[in-house]
Amino acid sequence: MADQTNHNQAGEVAPSTVDKQPPSVAEEHAPSTDSPEATDIPTANAPDPKAANPEDKANAAKPAAVPPKREKPAAAAKAAVGEKPATATEEKPAAAAKAAKKEKAPAVEDKPFVEFIEQDYLPALQKAIAQKGVQDLHVSFAKQKVPITGFESAEECWQIIGSWSEIGLRQFNLYFPEEDIQGKKGFSCNEGKKPSTLESFLIDERRITLDLLVFGLVQRLDGQKWLGIN
């Protein structure tokens with residue numbers, strides 16, 4: 001009996017214990033093969049989700065946004081303070097009014113010669129001489145011959161004749177042979193006798209004005225010692 005037992009032990013192969021080992025950790029966590037499982041691995045036949053996104057296609061088809069039109073600095077400044085930019089029809093009257101304001105009134109010296117002498121020069125001259133103490137001044141404006149020896153054949157010319165008799169008879173003549181205050185001018189004076197000399201008057205001035213014409217004659221009479229306490 002002991003021999004049979006030993007024969008069986010020696011001739012028989014012991015059963016494998018592999019099938020009886022407990023399952024490994026990998027086998028425990030491995031996915032089940034009973035149902036299909038989705039994975040992140042892309043396949044050759046599956047379309048790319050991003051490329052097939054209909055929202056991206058719609059965004060790609062939209063045109064680029066047009067930037068807003070920039071306003072001019074003046075219009076933007078007015079808009080900032082709540083003012084409306086001026087339209088073309090509003091700017092024209094404003095420009096015309098500004099141009100009219102810039103235009104200066106014509107100077108009195110630009111008046112016609114006779115008009116200037118009668119309306120502006122004679123009143124200003126009488127006032128200036130009266131301020132020097134002459135009370136009985138008589139002034140006239142006439143076109144006549146030059147009352148100087150040697151000028152009898154000369155043509156008539158416009159003259160301002162002033163006279164007073166406060167101390168004897170004093171008379172002066174201011175001549176305008178060119179009928180232009182900017183042209184040649186002459187002066188003569190006498191005390192009860194015929195004048196013998198014709199002087200040039202304000203020949204060094206580039207432009208004659210009303211004030212200069214008054215001042216020049218008053219200064220010449222003052223130099224003759226006919227004004228004031230002379």
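What follows is a look at a sheet, two helices that go with it, and a few unusual backbone angles in a predicted model.

The sheet is an open one with five strands, ordered β1-β2-β3-β4-β5 and paired antiparallel. At its edges sit β1 (138-144) and β5, and each has just a single partner strand, so one side of each has no neighbour in the sheet. Further in, β2 and β3 are joined by seven bridges in the antiparallel sense, and I161 faces N173 of β3 across the pairing. Strands of a sheet pair through backbone hydrogen bonds, whether parallel or antiparallel.

Two helices come into the picture here. Helix α6 lies across β1, β2 and β3, and runs at about 150° to β1. As for α7, its 14 residues should span 20 Å at 1.5 Å a residue, and the end C-alpha atoms are indeed 20 Å apart, so the two values agree. The buried residues of α7 are L210, L213, V214, G216, L217, V218 and L221. Their cover includes α6 (113-130) along with β2 (157-164), β3 and β4.

Then there are the backbone angles. Most residues other than glycine have a negative phi. E179, not a glycine, goes the other way with a phi near 50°. E179 belongs to the loop between β3 (170-176) and β4 (186-190), and is partly exposed, at a relative accessible area of 38%. L202 isn't a glycine either, yet its phi is positive at about 50°; this residue falls in the loop between β5 (199-200) and α7 (210-223). Past α7 comes K225, again with a positive phi, this one near 65°.

Technical notes:
Residues are numbered from 1 along each chain as its sequence is written. This is a predicted model: local features need pLDDT of at least 70, side-chain atom pairs count only at pLDDT 80 or more; totals for chains, interfaces and linings use all residues. Side-chain values use heavy atoms; hydrogens and water are left out. Helices (H or I, at least four residues) and strands (E, at least two) are DSSP runs, numbered from the N terminus. Buried means under 20% relative accessible area, exposed over 50%, partly exposed in between (1.4 Å probe, protein chains only). The expected span of a helix is 1.5 Å times one less than its number of residues. Contact means heavy atoms within 4.5 Å. Two strands pair if DSSP finds at least two bridges between them. Axes are lines fitted to C-alpha atoms, for helices over the stretch in contact, and angles run from 0 to 180 degrees between N-to-C directions.
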